[in-house]
Amino acid sequence: MHIIHGRARRGNIYVCEASGPCLLRHTGTDDALERAAIEAASAIGAGHVFVVMLGNAFPVNVLNQLKSVTEVCTIFCATANPLRVIVVEDGDGRGVVGVIDGSSPKGVEDEHARIDRHAMLRRFGYKQ
Amino acid sequence: MHIIHGRARRGNIYVCEASGPCLLRHTGTDDALERAAIEAASAIGAGHVFVVMLGNAFPVNVLNQLKSVTEVCTIFCATANPLRVIVVEDGDGRGVVGVIDGSSPKGVEDEHARIDRHAMLRRFGYKQ
Amino acid sequence: MHIIHGRARRGNIYVCEASGPCLLRHTGTDDALERAAIEAASAIGAGHVFVVMLGNAFPVNVLNQLKSVTEVCTIFCATANPLRVIVVEDGDGRGVVGVIDGSSPKGVEDEHARIDRHAMLRRFGYKQ
C-alpha cells in the first residue's frame with residue numbers, strides 16, 4: 001500500500017485520464033496546471049482514474065456536473081487541502097482505495113464555534 | 001489500518017462533518033442520536049467525512065438526495081447492519097477506504113428463497 | 001487484505017446482491033452470465049455489494065441509471081479490463097475497498113497519440 005502526497009493548486013480546469021491504451025490523456029488551458037495534473041495522475045499511476053485541477057473555481061461549482069458524467073463511477077475527494085492518495089499495487093496494475101483529505105478533527109464544535117460557522121456561511125452566502 | 005466497529009441507531013436525521021477548521025460540526029433534533037453521530041465521526045477521525053444517523057426513516061428515503069448534494073463526493077454505505085469502517089492513518093490525517101457492512105453471504109439464493117424474497121418485496125410495496 | 005482477480009464478460013444485464021439475509025440474490029436472462037455474476041459476487045464475498053455483468057452494451061449506456069438507483073451508494077468500476085477487487089476481511093464480514101482496473105499508465109499522451117485519440121473518438125461518435 002502506497003501513500004502519495006500532493007496539494008491542490010489554483011488555475012483553470014484540467015483532466016488527466018489513465019485508460020485502456022495506458023497513456024495519460026490530458027487537456028487544459030494552463031500549462032502549469034496541466035503539468036500538475038499529469039504529475040498527480042502519474043504519481044497515482046492507476047488505470048481508469050482521473051484528476052481535475054481547478055483554478056478560480058470551487059469544487060462545489062463542478063462536483064455535481066462531474067458526478068453526472070456517464071463515464072464517471074465515483075469521486076474520491078474535492079479539496080483544497082493537502083491530499084494523500086492511498087494506492088494498492090498488484091502486478092502491473094494499481095488502484096486507488098481512498099484518500100486522506102487534510103487533517104483529523106481536533107475537537108467537537110461548541111456553541112461559540114457554531115456561531116462562528118453560521119457567521120462564516122452567511123458571509124459566503126451559503127446560509128440566510 | 002484500523003477497523004472501527006459501530007451500529008446504526010434509530011432516530012431523526014443527524015450530520016457530523018470533519019472539515020478544514022478540524023472541528024466536528026454537528027446538528028440534529030435528538031440529543032442521543034446527535035451524540036451517537038459525534039461518537040461515530042470521532043471514532044472514524046477522518047477529514048471531510050460525514051455521518052448521518054437516521055431514525056424513523058430508511059436510507060432509500062434520503063440516499064439520492066444525499067448523493068446529489070453538491071458538497072458530497074461519495075457515500076460509503078447506507079445500512080442498519082453492524083458496520084465496520086476501514087480507516088488508514090498517515091501523520092496527522094486519516095481517511096476512510098471502505099466499510100464492512102454486515103456479514104458475508106452464506107449461500108446463493110435458490111428458487112424457494114427467491115419466492116420468499118418476492119413475497120417480502122411485495123409486502124414492503126417494493127414489487128407489484 | 002485480499003486481491004480477487006476477474007474479467008468482465010459479454011452478455012445481457014445481471015445483478016447479484018449480497019444483503020441482510022446473507023444470500024446472493026441474482027437474476028438475469030443468460031445462464032452463463034448469471035453464473036459468472038454469482039461467481040464474481042461469491043469471490044468478493046462482501047455484504048451489500050452488487051455485480052452487474054453487461055453484454056452487448058457498454059457501461060456508459062447504464063452507468064448514470066445505476067448511479068441514480070436509490071439503493072446504490074457507490075460504483076467501484078465499470079470496465080471491460082481484467083479487474084482485481086481489493087477486499088478487507090474482519091470476523092464474519094468482508095468489504096470492498098477498491099479495485100485495480102486494468103494496467104497502470106505506461107506514458108503520457110503526446111501530440112501524435114492525441115490526434116489518434118481524437119480520430120478514435122470521432123469514429124465512435126463521441127466527438128464531432
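Me: How many helices and strands are there in chain A, and how do I recognise them?

Reply: Chain A has three helices and seven strands. Helices (H or I, at least four residues) and strands (E, at least two) are DSSP runs, numbered from the N terminus. Read from that end, the elements of chain A go β-β-β-α-β-α-β-β-β-α. Before we go on: this is a predicted model, where local features need pLDDT of at least 70, side-chain atom pairs count only at pLDDT 80 or more, and totals for chains, interfaces and linings use all residues. Residues are numbered from 1 along each chain as its sequence is written, chains are lettered from A and ligands numbered from 1 in the order in which they are written, and side-chain values use heavy atoms, leaving out hydrogens and water.

Me: What relates chain C to chain B?

Reply: Start with the general idea: two copies of a chain are related by a rotation about an axis and a shift along it. Here, a 120° rotation with 0.0 Å of shift along its axis places chain C on chain B, with an RMSD of 0.0 Å. That is the relation of a three-fold axis. The superposition is by least squares on the C-alpha atoms of residues with pLDDT of at least 70 in both copies.

Me: Which residue of chain C comes closest to the rotation axis?

Reply: That is Val97(C), whose C-alpha lies 3.2 Å from the axis.

Me: How is the size of an interface given?

Reply: Often as the accessible area lost when the parts come together. Between chain C and chain B, the buried area (accessible area, 1.4 Å probe, that two parts lose on being put together, summed over both) is about 2,600 Å². Carbon and sulfur atoms give 52% of that area. In residues, 33 of chain C are in contact (heavy atoms within 4.5 Å) with 33 of chain B.

Me: How many salt bridges are there between chain C and chain B?

Reply: There are three salt bridges (a side-chain nitrogen of Lys or Arg within 4 Å of a carboxyl oxygen of Asp or Glu). One example pairs Arg25(C) with Glu109(B), with their closest N and O atoms 2.8 Å apart. On the side of chain C that touches chain B, the elements giving two or more residues are β3 (23-27), α1 (31-44), β5 (82-90) and β6 (93-101) of chain C.

Me: And what is the salt bridge count between chain A and chain C?

Reply: The count there is three. Asp90(A) forms a salt bridge with Arg84(C), the closest N and O atoms being 3.2 Å apart.
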